[in-house]
Amino acid sequence: MAAEVVAAVDVMTVEQIAASQMGMKALGAGIAVGLTGIGSGVAEMGIGSAAVGAVAENKDMFGLALLFTVIPETIVIFGLVVALLLLFV
Amino acid sequence: MVGMRGISAPYIYVCTRMRVRKAKLIPREEYQRMLNMGLPEITRIIGETEYKQEIDELGTTFKGIDLIEVALSWNLAKEYQKIQEITPGTLKTFTQAYLRRWDIQNVLTILRGRMQGAKTGKIKEILVPAGSLDTQALDRLLGEENPERVIEALKGHHMYPVLAREYPYAKESGSFSRMENELFKQFYAEIIAGAESGIKGGNLFLDFIRLDIDIKNLKTLFRLRADALDADIREMHIPGGALSATDFANLNTIKNQGEFIDMLKGLYRQKALLALLDEIREEKTIRDVETRLTRVQLEQMEKMSKRHPISIHPILVYLEKKKYEVFNLRALARGKESKLPSEKIVDYLVM
C-alpha cells in the first residue's frame, strides 16, 4: 500500500503537486467557513428567537436585540479570516 | 427547527415573550402608591398601563367600579386567549389544559348567579372566557333561564357528568361548594393523567400541578381549622399532591397549632414552605395565611421557571402572576369603593 503511494507521488509532476496543495488549501478554507457558519447559525437560533420575542413585546428593544443577534457572527468571521489566510498568505 | 438539546426556536420565542410580559406587570411600589389614591385616580393609573385599550373601549359604556371590573376581566380573557394563540406544540396543550380551570369558575359563576336570580349583565361582567368555553358558548349558557337548563346545555362537555351528578345535592343544600370540589378533583385528575401520558415536558408540568395541589390542600386545611368545621373532610382533599387523604384527615383532627405545624413540616420538603410554616406557628388570620401561601407558591413557581427557562414554567408563572395582578387591582378598587382603610385592603393583596 505504502509502496503504491510512494510510486504515485513519484510519477506526479511539480505542477500536479502544486495543484494538489492548492486543492487541499481550498478544502480547508471551505471547511473553515462552512463549520463556523453552522456554529453561528446554531448560536443565532436561540438569540434570534428570543430577540424576536422581546421585540414583539417591546419595539424599543429592536436595536439592542439586533446587536445581540449578530454577536455570534464573529465566529464565522474567524472562519473567513482563516480561509483567507489559507488561500492568500 | 430543533437545535441544541432539543430546544426549538418557537419555544425560546414564546418563553421570552412571557418574560417580557411578566416584567411589565404592575410592581409592588405601584400598589403602595395606589393604596393612597381614590377610585378615579386608580382608574386613570390602570388606564395608563396594559389595560389602556379596555379602559378606552369601555369608558363610554361603564363608569367607576364597573368600568374597572369589566376592563380587568376583558383584559385577562384577551391575554389568556392571546397566549393560547402564540404557544407552540406541547406548550399549547399544557396551557390549554391549565386554563380549563376557568371553565369551572365560569360555569359555577353562571350557576350561582342563576340560583340567586342575578341579572345576566351582572354575571357576564365577571366571566373570564379563557378556557375551552369561549364567549359564544358562555353567552349561550347565560341565555338559559335556570341552573338545570344551564347544565343540560353543557351536555357533551367533559364537566357534564360531574355537574349532573352533583346538582341535586347542590340544589338541596343551596351550596355549590361540593360541586366545586368535585369539579376541581376531576380537573386535576385529568391534567395529571395528561401530563403522565409521556408527552415531552410532561414531568415539568406535573411539578407545577403538584405544587398547585399542595397549596390548595394546605389552604383548605387552614380554612377548615379557622371554621372548625366537622364535615367529612376527605371529600375536600385533592389527590395528586404530597399530602395523602389519610394525612389530610389526620391533620384536621389535631387541635394544637404547634403539633399541626410540626406534622405538616414532616410532610413537605420545600424550604420556602417550611420557613413559612414556622412563621405561621403563632395563630394568624386565615386571610394572612392564605396570602402568604399564595406568595410562597408564586416564589416557588418563579424558582422553577428559572431552573427550566425554556419550558412550560415561564408561561404558567406569567398566567398566575397576571391572574393575581387582576385580583389585586379588583380588590383595591372594591376596597376603595367600599371606603375600606388602606391597612385593611393591603391584607387582600398578593404582592
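The centres of domain 1 and domain 3 of chain B, taken over C-alpha atoms, are 26 Å apart. I should state at once that this is a predicted model, in which local features need pLDDT of at least 70 and side-chain atom pairs count only at pLDDT 80 or more, while totals for chains, interfaces and linings use all residues. Residues are numbered from 1 along each chain as its sequence is written, and chains are lettered from A and ligands numbered from 1 in the order in which they are written.

The domain bounds come from an automatic or database domain assignment. In chain B, domain 1 covers 1-86 + 311-351, domain 2 covers 101-201 and domain 3 covers 204-307. Between domain 1 and domain 3 of chain B, 11 residues of the former are in contact with 13 of the latter; contact requires C-beta atoms, placed from the backbone, within 7 Å. The domain 1 side comprises 6 nonpolar, 2 polar and 3 charged residues. Here Ala, Val, Leu, Ile, Met, Phe, Trp, Tyr, Cys and Pro count as nonpolar, Asp, Glu, Lys and Arg as charged, and the others, Gly among them, as polar.

I turn to the other interface. Chain A places 11 residues in contact with 10 residues of chain B. By class, that side of chain A has 6 nonpolar, 4 polar and 1 charged residues.

Finally, chain B overall. Its C-alpha atoms fill a box of roughly 60 × 55 × 50 Å along the principal axes. Of the contacts in chain B with a separation of 6 or more, 61% join residues 24 or more positions apart.

Definitions and conventions: Contact = placed C-beta atoms within 7 Å.
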